[in-house]
Amino acid sequence: MNKYICIYNKVLWLVKVFLPFYLFTFLPLSTRAQVGEYRTDLAIGFSGGYVSSNVGFVPEVPQSRLGGMTAGVTVRYTCEKYFKSICSLQAEVNITQTGWKEDIRDLDGNKVFYKSDPTKSDALRYERRMTYLQIPLLARMGWGRERKGLQGYIVLGPQIGTYLGESVKSNLVKDAETQTQRSSKVVAQDSLPVQRKFDYGIVAGAGVEVSMPKLGHFMVEGRYYYGLGDFFNNTKSDFFGRSNFGQIVVKATWLFDIIRTKNDKIK
């Protein structure tokens, strides 16, 4: 029960942080009625891209970044042009590969090998690739052309996710003797299962959109996701105090219009 109360409190915290921002940006306030140009544009489409991940472990685990893929469905509702800013809400449902890849070295910074491997052909390695269903809800602000031409934009908002599964690539053998000692003695992460399947955090990014009347909207975007949740337990009696994701995402998106505001002046 305490676990679900903790998750509820964390989701409530996200709502408290981002809801005022959404309300201020997108609700039609009377003080803005004379300057805002309202829109009812709805677009839907698909996206895919590359994810570079690591995990913020406490105590620290030496790592290099792990590459993965992301793909999903995107829905965007454009509600207003306020001065030169085009205001939209964007929701996504993505399947994303994330995780970590350990950088196992000795005290001198060299790779570590087993004594039974005299040719040093196979250094110690461990990577865990985890698959998540991720749902970001983003506020989007754009500047430029809406229907035909170039537009730059930024996105910001919360993201929730749920763990779907994982795969591990490793040649680690328990209690096997190595030629040199590992610089890091933190190895608990290699055998621990995922203990918290719900993930949440904050997304921020920027991108460029090219719009063509008959072909739709094409976007290239870079974003960063900072996880606020941990996938290992983090109480005082647990080994890890933190185990949160950090993800750099580069993705391309294609959207096509379902509903378009009827206004010949929109460019």
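This is a chat about pockets and aromatic pairs in a predicted model.

Biologist: What is the volume of the largest pocket, and which residues lie nearest its centre?

Modeller: The space in the largest pocket comes to about 440 Å³, and among its 16 lining residues Val 173, Lys 174, Asp 175, Arg 182 and Val 187 lie nearest the centre. By class, that lining holds 6 nonpolar, 5 polar and 5 charged residues.

Biologist: And the second largest pocket, which strands supply at least two residues of its lining?

Modeller: Both β4 (85-102) and β5 (126-144) do so. The second largest pocket has a volume of about 220 Å³, and its lining of 13 residues is made up of 4 nonpolar, 1 polar and 8 charged ones.

Biologist: Switching to aromatics, how many pairs are there?

Modeller: The count is 14 aromatic pairs. One of them joins Phe 57 and Phe 232, whose ring centres are 6.3 Å apart with planes at 25 degrees, so the pair is stacked. Phe 57 sits in strand β1 (residues 36-58) and Phe 232 in the loop between β8 (216-227) and β9 (242-259), so that 175 residues separate them along the chain.

Biologist: Is Phe 57 buried or exposed, and what about Phe 232?

Modeller: Phe 57 counts as buried because its relative accessibility is 6%, and Phe 232 is also buried, at 1%.

Biologist: What is the geometry of Phe 239 and Phe 240?

Modeller: Their pair is edge-to-face, with 4.9 Å between the centres and 75 degrees between the planes. Phe 239 is partly exposed at 47% relative accessibility, whereas Phe 240 is buried at 1%.

Biologist: Which ring does Arg 140 lie over?

Modeller: Arg 140 lies over the face of Tyr 153, 3.9 Å from the ring centre.

Definitions and conventions
Residues are numbered from 1 along each chain as its sequence is written. This is a predicted model: local features need pLDDT of at least 70, side-chain atom pairs count only at pLDDT 80 or more; totals for chains, interfaces and linings use all residues. Side-chain values use heavy atoms; hydrogens and water are left out. On a 1 Å grid over the protein atoms alone, a cavity is a set of points where a 1.4 Å probe fits but cannot get out, and a pocket is an open set with protein on both sides within 12 Å along at least five of seven lines; lining residues have an atom within 4 Å of a point. Grid points are joined across faces, edges and corners, and a volume is the space filled by probe spheres set on the points. Ala, Val, Leu, Ile, Met, Phe, Trp, Tyr, Cys and Pro count as nonpolar, Asp, Glu, Lys and Arg as charged, and the others, Gly among them, as polar. Helices (H or I, at least four residues) and strands (E, at least two) are DSSP runs, numbered from the N terminus. Rings of Phe, Tyr and Trp (its six-membered ring) pair if their centres lie within 6.5 Å; planes under 30 degrees apart count as stacked, over 60 as edge-to-face and the rest as tilted. Buried means under 20% relative accessible area, exposed over 50%, partly exposed in between (1.4 Å probe, protein chains only). A charge sits over a ring if NZ of Lys or CZ of Arg is within 6 Å of the ring centre and within 35 degrees of the ring normal.
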